[in-house]
Amino acid sequence: MFDYQAAFETAVEQVKGEGRYRVFADLKRVRGQFPKAIRRRADGSEQDVVVWCSNDYLGMGQHPVVLDAMKDEVDAAGAGAGGTRNISGTTRSAVDLEAELASWHRKEAALLFTSGYVANEATLTTLQRILPGLIIFSDSLNHASMIAGIRNGGCERHIFAHNDLEHLEALLAAAPADAPKLIAFESVYSMDGDIADLAGTIALAKKYGAMTYLDEVHAVGLYGPTGAGVAERDGLLDGIDIVECTLGKAIGVMGGYIAADAVIIDAVRSWASGFIFTTSLPPALTAGALASVRHLKAHPELRDAHQERAATLKARFVAAGIPVMESVSHIVPVFVGDPVHTKMISDMLLEQHGIYVQPINYPTVPKGTERLRFTPSPNHTDAMMDDLVQAMDALWTHCNVARLPAVA
Ligand SMILES: Cc1ncc(COP(=O)(O)O)c(C=O)c1O
């Protein structure tokens, strides 16, 4: 008989053999304390930690405005949505949230999904059904959810070198002029912290008659005068045909969405399996996200504080000779270049200093570029930064990891 046990064990061993086995940090978040949290070790003992790798970029996951909205909505509407969107699950706060999101991105309509992953996967698959013969041009560093959606649809696809508009243009030029085309890319790439050339990509899309699909998951709430993302910052909201975002990072709750022309949203709403056949988000989540978005729109000083913290941490690492990778965004990646060292430094930061930063290894990043990825928020204090920089400095010496050459 088939040995199921052995098959699962082999699967785990394979991951371990490739250095990809993940150990999750067991964290108890404490309301009002972010970025502090309580970690439970494997033996059950607890440790106070400062989290340096959260995607709750602005601490909105614990903001009183969001919590109050969620608690009020639980009291008013209960726990679950009670159905799919079509069958009794279109709750008032979901409808209001979609309207708010659409206007934020200056689009006619928006559509909620249960996560940003599902939004990407479902939309990109569905576009291929709606647009027969569609050719998709996808940045080589696009997120797994975009890749899954593009692959699932089975259409012709071309991968262009990351942020390489010459390569993109060559691929576009080689495709039939009258074929439907879609350029799928991200604004902020969250592992390197670089930002795509939106204006250049939009210009190419116009020249070759392609649609643009932009993932602003790591930018929404964080860039632009009202936080609508890099497209807003660059004055290019109109040049993006479909924008996709999460409610789970800067907005601090959970869920995902797209925003676009009403006809596009209507078509995706009508065709996307991952939208149609699933229970809709609980009203408390959509109410919390709505309160969060309204707050973020009105508080640009949060975005200023966020950028200041990132710039300060980069400068402090550079001054200490810690090899910060080139990043033009709020992401602060530190190069280690070896999976064993990366894991070791991360373990020592955690156990010896109460500093939690997850090691980033292959396949999330290419082999040989393993790194630590810090995401300072406005809630990370100078004192926390002092502790971090001192600990990193000591570990860099202890582990004999390369420093920035120019700095003593
Ligand atoms: C670029 C990008 N797109 C989409 C997602 C998925 O969003 P969500 O976490 O809401 O599923 C992520 C990560 O979570 C991401 O990094």
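Helices (H or I, at least four residues) and strands (E, at least two) are DSSP runs, numbered from the N terminus. This is a predicted model, where local features need pLDDT of at least 70, side-chain atom pairs count only at pLDDT 80 or more, and totals for chains, interfaces and linings use all residues. Residues are numbered from 1 along each chain as its sequence is written, and side-chain values use heavy atoms, with hydrogens and water left out.

**Exercise 1.** Find the loop that holds arginine 106, and say what sign its phi has.

Solution. Step one: go to the loop between helix H3 (92-104) and strand S4 (109-113); arginine 106 sits there. Step two: check the backbone angle. Phi of arginine 106 is positive, about 55°, although this residue is not a glycine. As background, most residues other than glycine have a negative phi, and most peptide bonds are trans.

**Exercise 2.** Locate the cis peptide bonds before proline 35 and proline 363.

Solution. Start with phenylalanine 34 and proline 35: their peptide bond is cis, with omega near 10°. Proline 35 belongs to the loop between strand S1 (26-29) and strand S2 (36-40). Then move to tyrosine 362 and proline 363, also joined by a cis peptide bond, with omega about 10°. Here the loop is the one between S13 and S14.

**Exercise 3.** Work out the strand order of the three-stranded open sheet, and say which strands stand at its edges.

Solution. First, a rule: two strands pair if DSSP finds at least two bridges between them. The order is S11-S14-S13, with antiparallel pairing. Strand S11 (332-335) and strand S13 (359-360) are the edges; each has a single partner strand, so one side of each is left without a neighbour in the sheet. Next, look at S11 and strand S14 (residues 371-374), which share four bridges in the antiparallel sense. Proline 333, for instance, has arginine 373 in S14 as its bridge partner. Last, add the helices, taking contact as heavy atoms within 4.5 Å. For angles, axes are lines fitted to C-alpha atoms (for helices, over the stretch in contact), and values run from 0 to 180 degrees between N-to-C directions. Helix H14 (residues 382-398) packs on the sheet and touches S11 and S14, its direction making about 175° with that of S14. Helix H13 (residues 339-353) lies across S13 and S14, at about 45° to S14.

**Exercise 4.** Describe the shell of 13 residues around the ligand, then track down polar contacts made by its oxygen atoms.

Solution. Count a residue as near if one of its heavy atoms lies within 4 Å of the molecule. Gly116, Asp215, His218, Thr246 and Lys249 come nearest of the 13. Helix H4 (residues 116-130) gives the largest share of the shell, three residues. Now sort by class: Ala, Val, Leu, Ile, Met, Phe, Trp, Tyr, Cys and Pro are nonpolar, Asp, Glu, Lys and Arg are charged, and the others, Gly among them, are polar. That gives two nonpolar, eight polar and three charged residues.

For polar contacts, look for pairs of N or O atoms within 3.5 Å; within protein, one must be able to donate a hydrogen and the other to accept it, and residues adjacent in sequence count only if both atoms are side-chain atoms. Tyrosine 117 offers a backbone N or O atom 2.8 Å from a ligand oxygen. An N or O atom in the side chain of histidine 218 is 2.6 Å from an oxygen atom of the ligand. A polar side-chain atom of lysine 249 lies 2.8 Å from a ligand oxygen.
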